[in-house]
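Okay, can everybody see the screen? I'll put the structure up now, and then I'll walk you through a few spots in it.

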Amino acid sequence: MSLDTETVRRVASLARIHLEEAEVARLQGELNGILAWIEQLQAVDTSGVEPMAGGGATRLRMREDVVTDGGIAEAVLANAPDRAGDYFAVPKVVE
Amino acid sequence: MQPTDFSLRGAIEALNEGLVSSVELTRAHLEAIEALNPRLNAYVTVSAEQALAQAKASDERRAEGIAGPLEGIPLAIKDLFCTAGTRTTAGSRILGNFVPPYESTVSGNLLRDGAVFLGKVNLDEFAMGSSNTTSAFGPVENPWSRANDPDTRLVPGGSSGGSAAAVAARLALGATATDTGGSIRQPAAFCGIAGIKPTYGRCSRFGIIAFASSLDQAGPVARSVEDCAILLRSMAGFDPKDSTSVDVPVPDFAAACARGVRGLRIGVPREYRLEGIPAEIERLWDQGLQWLRDQGAETVEINLPHTRYALPTYYIVAPAEASSNLARYDGVRYGLREAAPDSDLRDLYERTRAAGFGPEVRRRIMIGTYVLSAGYYDAYYLKAQKIRALIKRDFDQAFQGVDAIVTPATPSAAFGMDEKQDDPVTMYLNDVFTVTANLAGLPGLAVPAGLDAQGLPLGLQVIGRAFDEETVFTVGAALETAADFRAVPGLRAGAV
């Protein structure tokens, strides 16, 4: 599978990364190089193999469904690039 | 002897005997950082005042008869661990001004045990790299250089290049590091020091900036196997704040270093004899196996048939998880924001991420986004997860017959800063011996074992069963004793 320039633009858009037109061709070459190398995996017979999702124990722990934290708005907002009161501020999204 | 020449274990003893104070130790390291860091660029942030205050408080605790296991020991912290009140960047522009309001569990454990933090050390951006050249804060230089070519500046390896360079150059007694595909073991090998990636789940990931969550593990680097064992005992332990943290007792790893390898069965994987590997690395590997036989271990050829698929599997799994983890950097809640005056929210996201992430991080996010996208998920991601299961099965079968596996740590010695940069895949091959342990969740230790013809350090790797770091330390210490590695880098505290 080889990516065309349109797919490179679509993937950048899905990843929310602004792409300059001049970058598209170079990125296309690099991504196709990596994907061609990955392609060798298709040769492995994986029929009947359960996928391994995590890095360790197959079952995750459950915790008590209780409030353990909160009331720290200032700490949460301390690194915000922009804020309005106790809220993160962003450009207007609703007309 | 200067205070920076102590081993970590030696410094603990000297502190206990009153031969040195934590303030003296800390000041000596800060002076060494001031002298050498402008060249090495190992530290991104030096917390001199805070370190001296911590050292003074430590000396006072000791005077009162209270001393933790790491009381007064100056360490470097990889800039991927959140440190409350101290800037934490992940080596990225996008987090260049981020000051965490909380402490990572691992660094908190070290503080609990009395450690002093000298500062935050450099890394490849978001821990993605094998050369420490992708950091937004500039590359780190390896304190070692080639005997016949001393002017070529070498990489320290990556991603924990700052950790390894700082420890090798004696700018810290030890350092925290993280390993997703080899990021502890490869830089340790390149810098002639020891480093262990523990079993997945041994150290809490809470407060460590995430790269690939099913592969990331924290571990120490230090100048001896025993020093790593001492640090890991403090760093490890169950943490309810990490759902993958495993609730098992933390053994006395340092005690395991002295057990001896008599009667142990050491696996030697046939598939790790790769074409194109320098003959001196093959010879060092054979030498290491002979050292273990000389000490009473038995070496056994084993098969790990899916080894050759490990790297491409990793380069699906890791970018996929990274593309998801790094979605949080959107210029809204913390970190960099880039926007034009007329930017809408989507444009703000896209400009922020284009300006904030470097080329390698953008590349991996794109690969990850692609392999997870509709229509490709089964062909790439699900396929990779199945091959990951086969790689783990290979190890499970091998460990029915052996107690540990010994391999080379890296396929080459440290390379020049301008080498291997042309093609991403060439750079990825650095992790060919280390990445399997991440995929299978197993502990892996790099031990300095010899020098190549150019006088650069080469390492061996010990891989163990899940949660059997003790045997890994036993074998690593046996290799270390036999290798008697005493070479030191040209750039180090007191030498320049």
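Right after helix H9 of chain B comes B:Gly296, and its phi is positive, near 100 degrees. Keep in mind as we go that this is a predicted model.

Let's stay with H9 for a moment. This helix runs over residues 279-294 of chain B. How far apart are its end C-alpha atoms? They are 22 Å apart, and since 16 residues at 1.5 Å a residue should span 22 Å, the two values agree.

Now, which residues of H9(B) are buried? Here's the list: B:Ile281, B:Glu282, B:Leu284, B:Trp285, B:Gly288, B:Leu289, B:Trp291 and B:Leu292. Look at how the numbers are spaced, and remember this: an α-helix has 3.6 residues a turn, so residues three or four places apart point the same way. The buried residues of H9(B) pack against several strands of chain B, including S7 (265-269), S8 (298-302) and S9 (404-408), and also against helix H16 (469-483).

One of those buried residues leads us on. B:Leu292 is in contact with B:Val475, once you leave aside neighbours of B:Val475 within four places in sequence. On that same basis, B:Val475 also contacts B:Val261, B:Leu264, B:Ile266, B:Ala404, B:Val406 and B:Val462. And B:Val475 is one of the residues with the most contacts inside the largest nonpolar core, alongside B:Tyr43, B:Phe126, B:Phe395 and B:Phe473. How many residues does that core have? It has 186.

Let's pick B:Phe126 out of that group. Its phi is near 55 degrees, which is a positive value in a residue other than glycine. B:Phe126 lies in the loop between S3 and H5 of chain B. Buried or exposed? B:Phe126 counts as buried, because its relative accessibility is 0%.

There's something else to see in that stretch of chain. B:Ser159 is also in the loop between strand S3 (116-121) and helix H5 (161-168) of chain B, and the peptide bond leading from B:Gly158 to B:Ser159 is cis, with omega near 10 degrees.

Step into helix H5 itself and you find B:Ala166. With a relative accessible area of 0%, B:Ala166 is buried. Setting aside its neighbours within four places in sequence, B:Ala166 is in contact with B:Ala42, B:Tyr43, B:Val121, B:Leu171 and B:Ala172. You've heard B:Tyr43 already, in the list for the core.

Next, the start of chain B. Helix H1 covers residues 8-16, and its buried residues are B:Leu8, B:Gly10, B:Ala11, B:Ile12, B:Ala14 and B:Leu15. What do they pack against? Among the partners in chain B are helix H2 (22-40), helix H3 (48-63) and strand S2 (74-78). After H1(B) comes another glycine, B:Gly18, with a positive phi near 75 degrees.

In helix H2 of chain B sits B:Thr26, which counts as buried at 0% relative accessibility. Not counting neighbours within four places in sequence, B:Thr26 is in contact with B:Ala51, B:Leu52, B:Ala55, B:Pro74, B:Val116 and B:Leu118.

One more helix, H13 of chain B, residues 377-398. Its 22 residues reach 31 Å from first C-alpha to last, close to the 32 Å expected. Where is the kink in H13(B)? It's centred on B:Lys383, and it's about 25 degrees.

Okay, on to where the two chains meet. B:Thr313, in helix H10 of chain B, touches a residue of chain A, A:Leu41, and also B:Ala384, B:Ile387, B:Arg388, B:Ile391 and B:Leu439, leaving out residues up to four places away in sequence.

For the whole interface, 49 residues of chain A are in contact with 65 residues of chain B. The area buried between the chains is about 5,100 Å², and carbon and sulfur atoms give 68% of that. Which three residues of chain A supply more than any other three? They're A:Trp37, A:Met52 and A:Arg61, with 14% of the area that chain A buries against chain B.

How many salt bridges cross the interface? The rule finds three. As for A:Glu23, it forms a salt bridge with B:Arg362, and the closest N and O atoms are 3.6 Å apart.

Last stop, chain A. A:Arg16 is in the loop between helix H1 (5-14) and helix H2 (21-38) of that chain. The phi of A:Arg16 is positive, near 55 degrees, and it isn't a glycine. A:Arg16 counts as partly exposed, because its relative accessibility is 28%.

How values were computed
Residues numbered from 1 in each chain as written. Chains lettered and ligands numbered in written order. Predicted model: local features only at pLDDT ≥ 70, side-chain atom pairs only at ≥ 80, totals over all residues. Heavy atoms only, no water. Core = buried A, V, L, I, M, F, W, Y, C linked by side-chain atoms within 4.5 Å. Buried < 20%, exposed > 50% of the residue type's maximum accessible area, 1.4 Å probe, protein only. Contact = heavy atoms within 4.5 Å. Helix = DSSP H or I, 4+ residues; strand = E, 2+ residues; numbered from the N terminus. Expected span 1.5 Å × (residues − 1). Bend = angle between axes of the 7 residues up to and from the residue. Buried area = accessible area lost by both parts, 1.4 Å probe. Salt bridge = Lys/Arg side-chain N within 4 Å of Asp/Glu carboxyl O.
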